[in-house]
Amino acid sequence: MKFEINGIKIPDSQMARDATQFVRDTESDLLFHHSSRVFYWGALAGQRLNLKVDAELLYVGCMFHDVGLTHEHCSCDKRFEVDGANAARDFLQKYGVEQADIDKVWTAIALHTTPGIPQFMAPEIALVTAGVEMDVLGINYEQFPDTEREAVVQQHPRPAQFKEEIIQAFYDGIKHKPDTTFGNVKADVIADKQPDFAPLNFCSVIRQSRWVG
């Protein structure tokens with residue numbers, strides 16, 4: 001029997017099943033269960049806010065949001081969020097998904113570490129970030145009843161040391177390309193693991209540009 005909570009469950013479609021298998025085969029157990037929880041947190045938040053959501057698009061966005069941290073889908077020069085978004089785009093194209101919907105999923109993944117913007121966009125974009133923020137940062141934690149939190153975590157276990165393990169997973173996926181963290185929250189991950197890390201400074205970039213004045 002498939003897990004269901006408040007009427008929310010993984011969409012029963014070939015694309016959704018293939019997305020699950022893709023991520024299961026690609027990511028660690030830590031990231032797979034994290035991504036699965038992100039879907040439920042996002043979908044539950046959407047239900048609470050009475051948002052009309054395409055569950056398939058939301059599911060793919062949630063499941064692929066950290067794929068860019070994996071060796072198979074990691075570039076040497078792009079933000080990991082873009083790598084994950086590109087992987088999701090390539091996946092969705094195989095199922096004849098309309099370009100506008102592919103763009104939604106791409107944007108949802110690309111912006112999930114850029115707070116303050118996704119919440120004003122399409123529900124499928126906003127709710128990927130909402131799910132990530134709930135699972136990683138505990139944002140709006142109190143808006144999810146104990147019964148919901150316990151049920152989701154029982155289905156997709158959260159390790160006792162999840163906080164440190166997810167930080168390490170972030171670091172392992174981006175440590176070879178620290179410059180891609182300029183202007184986003186992942187710079188804090190590099191700084192946490194490399195105390196001598198000197199991130200790019202926005203004001204310094206302005207002052208050192210080739211413009212005279």
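Trainee: Which word fits Phe3 and Tyr40, buried or exposed?

Mentor: Both Phe3 and Tyr40 are buried. That means a relative accessible area under 20%, while exposed is over 50% and partly exposed is in between (1.4 Å probe, protein chains only). Keep in mind that this is a predicted model, where local features need pLDDT of at least 70, side-chain atom pairs count only at pLDDT 80 or more, and totals for chains, interfaces and linings use all residues. Residues are numbered from 1 along each chain as its sequence is written, and side-chain values use heavy atoms, with hydrogens and water left out.

Trainee: How many aromatic pairs are there, and what makes Phe3 and Tyr40 one that's called edge-to-face?

Mentor: There are eight aromatic pairs. Rings of Phe, Tyr and Trp (its six-membered ring) pair if their centres lie within 6.5 Å; planes under 30 degrees apart are stacked, over 60 edge-to-face, and the rest tilted. Phe3 and Tyr40 have ring centres 5.0 Å apart and planes at 75°, so they pass on distance and land in edge-to-face.

Trainee: What does that pair tie together?

Mentor: Phe3 is in the segment before helix H1 (14–26) and Tyr40 is in helix H2 (residues 29–48), so parts 37 residues apart in sequence are joined. Helices here are DSSP runs (H or I, at least four residues), numbered from the N terminus. Ring pairs also gather Phe3, Phe39, Tyr40 and Tyr59 into a cluster.

Trainee: What about Trp41 and Phe144: why edge-to-face?

Mentor: Their centres are 5.4 Å apart and the planes make 70°, so the over-60 rule applies. Trp41 belongs to helix H2 and Phe144 to the loop between helix H6 (123–137) and helix H7 (146–155), 103 residues apart.

Trainee: How do you know whether Trp41 and Phe144 are buried or exposed?

Mentor: Trp41 has a relative accessible area of 3%, so it's buried. Phe144 also has 3%, so that one counts as buried too.

Trainee: What makes you say that the charged end of Arg37 sits over the ring of Phe162?

Mentor: The rule wants NZ of Lys or CZ of Arg within 6 Å of the ring centre and within 35 degrees of the ring normal. The charged end of Arg37 is 5.0 Å from the centre of the Phe162 ring. Lys186 lies over the face of Phe170, 4.1 Å from the ring centre.

Trainee: On to helices: how are H1 and H3 oriented relative to each other?

Mentor: Their axes come within 10 Å and cross at roughly 5°, with helix H3 covering residues 55–64. Axes are lines fitted to C-alpha atoms, for helices over the stretch in contact, and angles run from 0 to 180 degrees between N-to-C directions. Under 35 degrees is roughly parallel, over 145 roughly antiparallel, 65 to 115 roughly perpendicular, and the rest oblique. So H1 and H3 are roughly parallel.

Trainee: And what word describes H2 against H8?

Mentor: The axes of H2 and helix H8 (residues 162–174) come within 11 Å and cross at roughly 105°, so H2 is roughly perpendicular to H8. In H2, Leu30, Leu31, His34 and Arg37 meet Phe162, Glu165, Ile166 and Ala169 in H8, where contact means heavy atoms within 4.5 Å.

Trainee: Last one: why is Phe32 called buried?

Mentor: Phe32 has a relative accessible area of 6%, so the label follows. Phe32 is found in helix H2. Leaving aside neighbours within four places in sequence, Phe32 is in contact with Thr20, Val23, Arg24, Glu27, Met63 and His156.

Definitions and conventions. Helices (H or I, at least four residues) and strands (E, at least two) are DSSP runs, numbered from the N terminus.
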